[in-house]
Amino acid sequence: MPKAFRPISLLPTISKGLEAVVGARLSYMVEKYSLLPDNHFGARPRRSAEQAINVLVERIYQAWRGGKILSLVSFDVKGAFNGVHTRVLTQRLAERRVPNPMVEWIGDFVSNRHAQVTVGEYESEVSEIEYAGIPQGSPLSPLLYVFYNANLVEKKIDRRGGAIGFVDDFNAWVVGTDESETTATVQREIIPHAERWARQSGATFEADKTSFIHFTRRAEKDDTRALQFGDTTILPQGSVKS
């Protein structure tokens, strides 16, 4: 797939030291003052992928013990880090009580960035990046993205459903008596929530990479009911990966 190929941004190594210091301070504030949702994993201490999977697995078993099924939808943001808008990022940092001097520093960090393209022995002139996003490879960037999509992920986990974020991945689920009920709930509640966040953030979901799956103990499943995400029809799958 041609779109699977993309440039690699090589950052000045010396600057990563300062970025790591700011990242460590921001991480400390996040955990001490509970600035981010408890269900957001990745880029945070003691919040690993294994723990996120354990949360989901326990909810699946809980649904089964109640004689119900759990249906999960997994979303993929197109060019997640590159698509971060500086104004939206700084606004969300401020909304979650990050001190203003740090918000201003981060705003400068992601603004007025320049790049040079190197292909073989050819080197282009240094040019300003019009939409820089947040740089991949920086020790600070993963935590900044967690702030960026925290409003998307923030959802109470209970017997009716829940959500889990892992940096730029977003997975949400609902619990119901059968596939018809859960599919209707996902379509009515989760899809509009994701679309609303995308509009407010200037982000774009790759609908063709959105996955949908039913976790049920029944031998026969109803895999005919589809979700509609924009112009894309999404049928349930037997397995998904996030």
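## The sheet and its order

In what order do the five strands of the open sheet run? In this predicted model, the order is E1-E7-E8-E2-E9, and the pairing is mixed. The two edge positions belong to E1 and E9, each of which has a single partner strand, so one side of each has no neighbour in the sheet.

Let's walk across the sheet, starting at E1. This strand covers residues 40-41 and runs parallel to E7, to which two bridges join it. Here Phe41 stands opposite Phe166 of E7. At the other edge, E2 and E9 are antiparallel and share five bridges. One of the facing residues there is Val73, whose bridge partner in E9 is Phe212.

## Strand E7 and its hairpin

E7 spans residues 161-166, and five of its six residues are buried, which leaves the strand mostly covered. Its partner E8 (residues 169-176) pairs with E7 in the antiparallel sense, over six bridges. Gly161 has Val174 as its bridge partner in E8, while Phe166 has Asp169. Phe166 therefore appears on both sides of the story: it stands opposite Phe41 and is bridged to Asp169 in E8.

E7 and E8 together make a hairpin with two residues between the strands. In that turn, Val167 has a positive phi of about 55 degrees.

## The edge strand E9

Is E9, an edge strand of the sheet, enclosed or open to the outside? Four of its five residues are buried, so the rest of the structure largely encloses E9. The strand thus has one side without a neighbour in the sheet, and yet it is largely enclosed.

## Aromatic pairs around Phe205

How many aromatic pairs does a search of the whole structure find? The search finds ten. One of them brings together Phe75 and Phe205, whose ring centres are 5.3 Å apart and whose planes lie at 50 degrees, so this pair is tilted. Phe75 belongs to strand E2 (residues 69-75), whereas Phe205 sits in the loop between helix H7 (179-201) and strand E9 (211-215), so the contact ties together parts that are 130 residues apart in sequence. Both Phe75 and Phe205 are buried.

Phe205 also pairs with Phe229: the ring centres are 5.9 Å apart and the planes are at 50 degrees, so this pair is tilted too. Distant parts of the chain are linked here as well, since Phe205 is in the loop between H7 and E9 and Phe229 is in strand E10 (residues 227-229), 24 residues apart. Why does Phe205 count as buried? Its relative accessibility is 12%, and the cut-off for burial is under 20%. Phe229 is buried as well, with a relative accessible area of 6%.

These residues belong to one aromatic cluster, formed by Phe75, Phe81, Tyr145, Tyr148, Phe170, Trp197, Phe205 and Phe229.

## Arginines over rings

A member of that cluster, Tyr148, has an arginine over its face: Arg92 lies there, at 5.4 Å from the ring centre. Which ring does Arg113 lie over? That ring is Phe109, with Arg113 over its face at 5.1 Å from the ring centre.

## Exposed sites and unusual backbone

On the surface, Ile53, Val57 and Tyr61 form a nonpolar patch, and together they have about 280 Å² of accessible area. Ile53 is located in helix H2 (residues 49-65). With a relative accessibility of 52%, Ile53 counts as exposed.

Two loop residues are worth a look for their backbone angles. Arg97 is not a glycine, yet its phi is positive, at about 70 degrees. Its place is the loop between helix H3 (86-95) and helix H4 (100-109), and its relative accessible area of 54% makes Arg97 exposed. Asn112, also not a glycine, has a positive phi of about 50 degrees. Asn112 lies in the loop between H4 and strand E3 (114-115), and with 61% relative accessible area Asn112 is exposed.

Methods: Residues are numbered from 1 along each chain as its sequence is written. This is a predicted model: local features need pLDDT of at least 70, side-chain atom pairs count only at pLDDT 80 or more; totals for chains, interfaces and linings use all residues. Side-chain values use heavy atoms; hydrogens and water are left out. Rings of Phe, Tyr and Trp (its six-membered ring) pair if their centres lie within 6.5 Å; planes under 30 degrees apart count as stacked, over 60 as edge-to-face and the rest as tilted. Buried means under 20% relative accessible area, exposed over 50%, partly exposed in between (1.4 Å probe, protein chains only). A charge sits over a ring if NZ of Lys or CZ of Arg is within 6 Å of the ring centre and within 35 degrees of the ring normal. Two strands pair if DSSP finds at least two bridges between them. Patches are made of residues with over 30% relative accessible area and no salt bridge: like charges are joined within 9 Å, nonpolar side chains (Val, Leu, Ile, Met, Phe, Trp, Tyr) within 5 Å. Accessible areas come from the Shrake-Rupley method with a 1.4 Å probe; for residues, only the protein chains shown count as cover. A salt bridge is a side-chain nitrogen of Lys or Arg within 4 Å of a carboxyl oxygen of Asp or Glu.
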